[in-house]
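Work through the exercises below with the sequence and the structure at hand. Try each task before reading its solution.

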Amino acid sequence: MTEKRIILEMGTGNDLYGQDYTKAARRAVQDALHHSSITLFSKLDIDHSEMRVCVTIGVQQPEDVDCDLVASDLPRGRAEVRAVKGGLDVEDTEAGTRHVVATAAIEAFLPDLAGQFVQS
């Protein structure tokens with residue numbers, strides 16, 4: 001069955017002192033989720049389990065993101081999370097640390113329901 005993207009949300013998150021890419025990624029996802037209030041499911045009587053959710057996390061060291069942990073934060077749908085090169089590291093050379101900034105794009109897809117609803 002074909003799908004259509006119905007939602008696209010963006011968010012940013014950071015870990016200023018722990019240098020933890022997963023923590024920054026989870027905060028970016030939470031930021032994106034807090035921009036949404038989706039009544040579509042209740043209004044059209046669609047079950048949340050029909051939604052596929054694709055999350056793309058951008059950080060400087062994508063291999064350091066625990067994608068399964070990030071996926072566990074998603075409240076609805078079938079989650080797929082991948083980490084890619086992106087985001088931003090801000091180096092503090094005096095302290096020998098870095099501040100980690102992550103970006104998140106959350107896309108939600110539903111089966112194409114074209115033609116199944118009639119305007120009354």
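The model is predicted.

**Exercise 1. Find the residues in the largest nonpolar core that touch the most other members.**

Solution. The core has 24 residues. V29, V55, I57, V70, L74 and I106 touch the most other members. Next, trace the supply: helix 1, strand 2 and strand 5 (97-111) each give at least two residues to this core. Now take I106 and skip residues up to four places away in sequence. I106 then touches I7, L8, E9, V29, A32, L33, V53, C54, V55 and L74.

**Exercise 2. Determine how strand 2 pairs with strand 3, and give the handedness of the crossover.**

Solution. Strand 3 covers residues 78-85. Strands 2 and 3 run parallel, joined by eight bridges. The path between them goes through helix 3 (residues 67-72), and this β-α-β crossover is right-handed. For one facing pair, look at V53: opposite stands A79 in strand 3.

**Exercise 3. Classify T56 as buried or exposed, and list its contacts.**

Solution. Locate T56 first: strand 2, residues 52-59. Its relative accessibility is 17%. Buried means under 20%, so T56 counts as buried. Leave aside neighbours within four places in sequence. T56 is then in contact with R82, V84, T103, A104 and A105.

**Exercise 4. Describe the backbone and the exposure of Q19.**

Solution. Q19 sits in the loop between strand 1 (3-15) and helix 1 (21-33). Its phi is near 55°, a positive value in a residue other than glycine. The relative accessible area of Q19 is 26%. Partly exposed lies between under 20% and over 50%, so Q19 is partly exposed.

Technical notes: Residues are numbered from 1 along each chain as its sequence is written. This is a predicted model: local features need pLDDT of at least 70, side-chain atom pairs count only at pLDDT 80 or more; totals for chains, interfaces and linings use all residues. Side-chain values use heavy atoms; hydrogens and water are left out. Helices (H or I, at least four residues) and strands (E, at least two) are DSSP runs, numbered from the N terminus. Buried means under 20% relative accessible area, exposed over 50%, partly exposed in between (1.4 Å probe, protein chains only). Contact means heavy atoms within 4.5 Å. Two strands pair if DSSP finds at least two bridges between them. A crossover is right-handed if, with the strands pointing away from the viewer, the path from the first strand over the helix to the second runs clockwise. A nonpolar core is a set of buried Ala, Val, Leu, Ile, Met, Phe, Trp, Tyr and Cys residues joined through side-chain atoms within 4.5 Å.
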